[in-house]
Every structure is written in structure tokens, then in C-alpha cells.
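This briefing concerns a ligand site and the aromatic pairs of one protein. Please consult the sequence and the structure shown here before reading on.

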Amino acid sequence: MKILLLMGSMRQNGRTAEVTKAFEAMLTDRNASVEYLPLVKYDIKACTGCATCQNVLNAHGCVIRDDVPDIFEKVQSADAVFFTTPIYSWYCTTPVKSLMDRLVYMMNKYYGETRGGSFWAGKKLGIITTCGYPDHYGADLFETGIKRYAKHSDLVYIGHYNARDKGKQYAFFTEDDKARLTKFAEETVSALTNG
Ligand SMILES: Cc1cc2nc3c(=O)[nH]c(=O)nc-3n(C[C@H](O)[C@H](O)[C@H](O)COP(=O)(O)O)c2cc1C
């Protein structure tokens, strides 16, 4: 069971990293093989919309030279992928959005002269977010977008965990939050074990 955590906060020791690392430990304790990628350390250029990849049906086909082809390989070899991100302007951070844009074209060959399929069909996709507002106002739009993204890509959406950052004067990632994350880790492992 291979799980890839694509951690998209600009802050490597911030709120999102804290929750993502706790999730990594919970999954590892449950015998999953987990890889944690702090995206800020990778060169992830924006998709230019050239659509060259759309006419390359047997490979990613992207002409941009950066770290995304390597991440493509990691995604390909994972059973489940999580985008983890602080909410910025009601969506994800720039590295996550750039990676999502690149992958949605490199993986899904829907718009070329000959229509191909989805390279990542059947993989599981989940999200972890942290945000300032209550979940239903801070993280809801990103979750809606991700559900559409998964459906479009023929991925299996396996859920969303959010922890609220009410500010420095308040406790973050409380015992209740940790208990909810433990449940989310258990559900993730169960979804992977039971297909
Ligand atoms: C530029 C910026 C934009 C933000 N936009 C939102 C937002 O739209 N909704 C929200 O609930 N929180 C928003 N926040 C709050 C962050 O999502 C929250 O503090 C998060 O836990 C920070 O995670 P980090 O420590 O990993 O950076 C924003 C924070 C920043 C710095």
C-alpha cells in the first residue's frame, strides 16, 4: 500500500506540515509505505497550455523541463495520493494548483486528435487542508473542486480532513483534531485494503 503525500504549504514547519506529518506517522504505524513531498522544494512550473501532451497517448508527453515528470512517476506508482494545502483565497496554494494543472493534462488524454484515457484511473485521491475560517466556509470550495477533478480523472475520491487555524493565540491541532485525523487515517487504510 503506497501513499504519496504532496504537501503544498509554503511553510515547511507550518500548520499544514504539522498535520501532514502526523498523518504520515499514523499511516506508517498502520503498515502503509508513505512518501512525503514538500512541494516548495521542487521546481513546479505552470502549465503553458501548449497541449503537446494531449497527442502523446503512451507517456506523459510534457515538454516542460522541471521536477513534475519525476512527480508524475511517483504518482503513477502510488495507490493513493493526497494533496495537502493551506487554503489560500478559498482554494489551494500555487504549487498545488500548478501541479494539479500539469497532472490533469499529463494524466488525462482527452483533448488530442485521438482520444486516449486516464493514466491514473482508479487511484485514490484525498485532501488535507488547514484554514482560518470554519471548514464549511474556508475549505468547502476546494473540496468541491477536488471532487470534480477526481471525477473528471476517473479517480476514487476518498475524503477530506481539515484542521482550523484560529490564530496564534488559540491551540491548533487539538486532541479532538488528532482523534479525527486518526479516524481519517484508519478510513484511508481501510479504503486501500478493501479496494
Ligand atoms: C495569503 C493567505 C490567504 C489565505 N486565505 C484563506 C482563505 O481564503 N480562507 C481561509 O479560511 N483561510 C485562509 N488563510 C489562512 C490559512 O489557510 C491558515 O492560516 C493555514 O492554516 C496556514 O497554513 P500553513 O501554516 O501551512 O501556511 C490564508 C492565509 C494566507 C497567508
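The points below treat the ligand site and then the aromatic pairs. The model is predicted. In this model, 16 residues surround the ligand, and the space that the ligand takes is the largest pocket. The structure also holds 14 aromatic pairs.

**Polar contacts with the ligand**

- The closest residues to the ligand are Ser-9, Arg-11, Ile-87, Thr-130 and Asp-165.
- Ile-87 contributes through its backbone, with an N or O atom 2.7 Å from an oxygen atom of the ligand.
- Thr-130 places a polar side-chain atom 2.7 Å from a ligand oxygen atom.
- For Asp-165, a polar side-chain atom likewise lies 2.7 Å from an oxygen atom of the ligand.
- The ligand exposes 650 Å² when taken alone, and the protein buries 75% of that area.

**Shell around the ligand**

- Helix H1 (15-29) and strand S4 (124-131) are the elements that give two or more residues to this shell.
- By residue class, the shell comprises six nonpolar, seven polar and three charged residues.

**Aromatic pairs**

- Phe-72 and Phe-119 form an edge-to-face aromatic pair, with ring centres 5.8 Å apart and an angle of 65° between the planes.
- Phe-72 belongs to helix H2 (residues 68-77), whereas Phe-119 lies in the loop between helix H3 (94-107) and S4, so the pair ties together parts that are 47 residues apart in sequence.

Definitions and conventions:
Residues are numbered from 1 along each chain as its sequence is written. This is a predicted model: local features need pLDDT of at least 70, side-chain atom pairs count only at pLDDT 80 or more; totals for chains, interfaces and linings use all residues. Side-chain values use heavy atoms; hydrogens and water are left out. A residue is near a molecule or strand if one of its heavy atoms lies within 4 Å of it. A polar contact is a pair of N or O atoms within 3.5 Å; within protein, one must be able to donate a hydrogen and the other to accept it, and residues adjacent in sequence count only if both atoms are side-chain atoms. Accessible areas come from the Shrake-Rupley method with a 1.4 Å probe; for residues, only the protein chains shown count as cover. On a 1 Å grid over the protein atoms alone, a cavity is a set of points where a 1.4 Å probe fits but cannot get out, and a pocket is an open set with protein on both sides within 12 Å along at least five of seven lines; lining residues have an atom within 4 Å of a point. A molecule sits in a cavity or pocket if more than half of its atoms lie within 2 Å of its grid points. Helices (H or I, at least four residues) and strands (E, at least two) are DSSP runs, numbered from the N terminus. Ala, Val, Leu, Ile, Met, Phe, Trp, Tyr, Cys and Pro count as nonpolar, Asp, Glu, Lys and Arg as charged, and the others, Gly among them, as polar. Rings of Phe, Tyr and Trp (its six-membered ring) pair if their centres lie within 6.5 Å; planes under 30 degrees apart count as stacked, over 60 as edge-to-face and the rest as tilted.
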